[in-house]
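Student: I am new to this structure. Could you take me through one helix and the neighbours it packs against?

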Amino acid sequence: MIKPLPYFRLFSSCIAVQGNQNSLLFDLERKESYDIPELLCGVLAQLEERTIPETKAHFEHQYDEGIDAYLQEFEKLELGFFTDEPEAFPKLEMIWEDALAIQTAIIEIDDSDAYDVLSVLDQLDHLACAALQLRILKAIPLQVLQSFLAATQASRLRSIELFLPDGAYSESELIALKEVHQRIALLVVHSSPQQKVVDLPEGEDKIFFVQKELTAAAKDYVSPDNFVLDVKLFSEAHHYNVALNRKVSIDHKGFIKNYPSHEKTYGQVSTNKIAEMVQSTAFQEKWLIPNDQIIKCQDCPHRYTCSFNSDLKVEENKWTKIDDCGFDPYTNQWKKI
Ligand code: SF4
């Protein structure tokens with residue numbers, strides 16, 4: 001008779017997160033999550049240190065059948081495996097490093113000449129910014145838009161998300177923009193009378209038309225659909241506020257912010273250099289506040305996958321998010337915001 005293997009290990013990208021009312025087991029490679037009982041989180045924690053028989057004994061054999069059933073199910077779902085060499089399978093280390101001062105920038109542009117957008121793009125290139133979200137709130141001439149995109153062509157930007165108002169450009173102009181500027185990873189037309197997706201003639205690219213209007217200082221929203229299941233972000237979220245870390249926003253008036261909807265500003269691009277502002281301790285303060293240090297979020301099972309962009313404030317010596325995300329980890333319920 002074959003002796004059962006004494007240890008159980010989850011694959012390194014499969015990680016359980018305990019919340020106040022609900023716990024989740026994430027498979028970060030396959031981008032799946034599974035609801036699991038809180039008690040099972042405790043069992044999985046014990047299994048990291050003990051054999052299966054020792055774990056069952058630790059719980060005074062109250063849950064032997066349940067433990068066996070769950071471990072077999074996890075093996076079937078390819079979330080983990082039985083082994084007699086646990087030391088050969090170390091846990092994923094939650095390390096996150098990035099040399100870039102700024103990874104992502106959001107630029108809001110309306111139809112006014114509030115600031116020099118080309119200068120902003122040049123400054124972001126000097127910061128080696130890798131990703132840009134260009135939010136055009138109101139119609140600007142096509143030539144002006146083209147000049148902004150042309151300025152990004154020789155830059156170190158790797159991807160651009162472009163939001164444009166409906167009615168400003170024809171579909172053929174939009175298709176041409178997407179074809180000329182291969183770095184446009186996402187093209188969204190906001191304030192559209194109808195929700196639709198237009199496929200580009202070649203390849204798998206699309207243009208998304210959405211009814212929602214994109215306004216200045218638009219607030220972020222959060223839903224189970226926009227949680228990001230990714231090893232890099234999961235690791236970053238253990239140390240940083242992933243919604244704000246290494247990001248800079250220039251609002252429609254040229255004010256430098258952590259995020260466009262935040263009230264707090266850190267200078268204005270007409271008088272301040274972006275590099276000086278983003279390297280200041282004040283600008284970076286909120287980068288260093290992970291969800292584990294924020295009231296309510298620290299009890300939420302989504303805390304390492306959620307990028308809710310709310311500003312933060314200190315209340316009774318504790319960090320809290322100013323805006324309501326709509327999720328209550330104490331009831332495990334979502335409300336409509
Ligand atoms: S913002 Fe809401 S959903 Fe996100 S971690 Fe905090 S409580 Fe959870």
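Tutor: Start with the touching residues. Val-117, Leu-118 and Leu-121 in α4 meet Ser-147, Phe-148, Ala-151 and Thr-152 in α5. To meet is to be in contact, with heavy atoms within 4.5 Å. The contact of α4 with α5 has five nonpolar residues, two polar ones and no charged ones. Ala, Val, Leu, Ile, Met, Phe, Trp, Tyr, Cys and Pro count as nonpolar, Asp, Glu, Lys and Arg as charged, and the others, Gly among them, as polar. Ser-147 and Thr-152 are the polar pair here.

This is a predicted model, where local features need pLDDT of at least 70, side-chain atom pairs count only at pLDDT 80 or more, and totals for chains, interfaces and linings use all residues. Numbering runs from 1 along each chain as its sequence is written, and side-chain values use heavy atoms, without hydrogens or water.

Now the geometry. Helix α4 covers residues 117-126, and helix α5 covers residues 142-153. Helices are DSSP runs (H or I, at least four residues), numbered from the N terminus. The α4 and α5 axes come within 10 Å and cross at roughly 20 degrees. Each axis is a line fitted to C-alpha atoms over the stretch in contact, and angles run from 0 to 180 degrees between N-to-C directions. At that angle, α4 is therefore roughly parallel to α5. The cut-off for roughly parallel is under 35 degrees (over 145 is roughly antiparallel, 65 to 115 roughly perpendicular, the rest oblique). The crossing of α4 and α5 is right-handed: the near helix is turned clockwise from the far one by less than a right angle.

Next, the other neighbour of α5. From α5, Leu-142, Leu-145, Gln-146, Leu-149 and Gln-153 take part; from α6, Glu-173, Leu-177 and Val-180 meet them. This contact divides into five nonpolar residues, two polar and one charged. The charged residue is Glu-173, in α6. The polar ones are Gln-146 and Gln-153, both in α5.

Helix α6 spans residues 171-180. It packs with α5 at an angle of about 10 degrees, and their axes are 11 Å apart. So α5 is roughly parallel to α6. The crossing of α5 and α6 is right-handed.

Put the pieces together around α5. Toward α4, α5 offers Ser-147, Phe-148, Ala-151 and Thr-152. Toward α6, α5 offers Leu-142, Leu-145, Gln-146, Leu-149 and Gln-153.

How values were computed:
Helix = DSSP H or I, 4+ residues; strand = E, 2+ residues; numbered from the N terminus.
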